[in-house]
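Colleague: I should like to go through the reasoning behind the terms used for this model. Please set each value against its definition.

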Amino acid sequence: MGGQTVTGTGTGDPFAFDLITMGRIGVDLYPLTTGVPLAEAETFGKFLGGSPANVAVAAARLGRRVAVITRTGADPFGTYLRSELRGFGVDDRWATEVTGLPTPITFCEIFPPDHFPLYFYRLPKAPDLEIAPDEVDLEAVRAARVFWMTGTGLSEEPSRAATLAALEARAKAGTTVFDLDWRPMLWREKPGPYYERALASATVAVGNAEECEIATGESEPYEAARALLGAGVELAVVKRGPEGVLAVHRDGTVAEVSPVPVRVVNGLGAGDAFGGALCHGLLAGWELDRVVRYANAAGAIVASRLACSTAMPFSHEVEEVLGRAGGV
């Protein structure tokens, strides 16, 4: 089928995870009233956050067997995050503590439809950047049907070396997704060489126009997709915001999907819902157009809700939205 990227792992391990994600985790504190600056907000909701953690939650909500490789502080917020992972059905065996570093907190301001500034509190250093190569279960990473890593995981050592070691261990087995995840405030050096190495080891790249430009120098969607394929991936997925999504496979299959109209409440978790649903569709072996439509609908649902992790949709919710939109 055109666009299918998941293959067998060759391990024969019936207990292998459908998806393992790796990288950022933290506590999201969102004002419970939209349209209010942080200086004036009085009440906040506390949620599990961090893109790889949210992608794991999104896939678990869709029935996939999922785990996350990450680290938290040895503090009450870290305890909270591991409890939340388990509650969402995400295996937390590789979510370990780091003594002496606080669990990160992220605040946002919510000004629909398209202004959601983020304020990261990850100092002196985020525990999830303390993942070391010898702490990664490379056998489990190789066995997973899908492995998902992010650009932020490449931003600092030892996480950078651990992430690259995981990619090398995968050796393009199954599906290896590079979420370009460009967060300039979290980088101290030029990301180009590390993005180049990651793209050479990944089979799927996912990012918006700005992230594609950081990775390849190209921001026009079709040029960016071609550049990502040229860098080594099999499938390039370019998120275009209000213009929808473009996906181009090396075999020539192209899917260009319009956005699902919703009343946007908070757009921050939409990309993570998209990612979890993308993994779900690839695991199911669907045609590329169906995969992207399904992921697009999942992202739209979360954009219409306040939170990220708790807002991730179940399959019947995605199918309902697709039904209303005339999708399949």
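Modeller: Helices and strands are DSSP runs, with at least four residues for a helix and at least two for a strand. By that rule, the protein chain has 10 helices and 14 strands. The model is a predicted one.

Colleague: What makes the protein chain as compact as a globular protein of that length?

Modeller: The globule rule is 2.2 Å times the number of residues to the power 0.38. For 328 residues the rule gives 20 Å, and the radius of gyration of the protein chain is 18 Å, close to that value, so the chain is as compact as a globular protein of that length. The C-alpha atoms fill a box of roughly 50 × 45 × 40 Å along the principal axes. Of contacts between residues at least 6 apart in sequence, 71% join residues at least 24 apart.

Colleague: Why is Pro 52 called buried?

Modeller: Buried means under 20% relative accessible area. The relative accessible area of Pro 52 is 0%, and therefore Pro 52 is buried. Pro 52 lies in helix α1, residues 51-61. Leaving aside residues up to four places away in sequence, Pro 52 touches Thr 21, Met 22, Gly 23, Arg 24 and Thr 150. By contrast, the C-alpha atoms of Pro 52 and Thr 33 are separated by 26 Å, with the two residues 19 apart along the chain.

Colleague: How do you know that α1 is largely enclosed by the rest of the structure?

Modeller: The conclusion rests on a count: 11 of the 11 residues of α1 are buried, so the helix is largely enclosed. Among them are Asn 54 and Arg 61, as well as Val 55 and Val 57. Just after α1, Gly 63 takes a positive phi of about 95°. Across the protein chain, buried residues make up 58% of the 328 residues.

Colleague: Why is α9 called roughly perpendicular to α10?

Modeller: Helix α9 (residues 288-303) and helix α10 (residues 315-325) pack at an angle of about 105°, and their axes are 9 Å apart. Angles of 65 to 115 degrees count as roughly perpendicular, which makes α9 roughly perpendicular to α10.

Colleague: Which residues form that contact, and how do they divide into nonpolar, polar and charged?

Modeller: From α9, Arg 293, Tyr 294, Ala 297, Ala 298 and Ile 301 take part, and they meet Ser 315, Glu 317, Val 318, Glu 319, Val 321 and Leu 322 in α10. The residues of this contact divide into seven nonpolar, one polar and three charged.

How values were computed. Residues numbered from 1 in each chain as written. Predicted model: local features only at pLDDT ≥ 70, side-chain atom pairs only at ≥ 80, totals over all residues. Heavy atoms only, no water. Axes fitted to C-alpha atoms, helices over the stretch in contact; angles between N-to-C directions. Parallel < 35°, antiparallel > 145°, perpendicular 65-115°, else oblique. Contact = heavy atoms within 4.5 Å. Nonpolar A, V, L, I, M, F, W, Y, C, P; charged D, E, K, R; others polar. Buried < 20%, exposed > 50% of the residue type's maximum accessible area, 1.4 Å probe, protein only.
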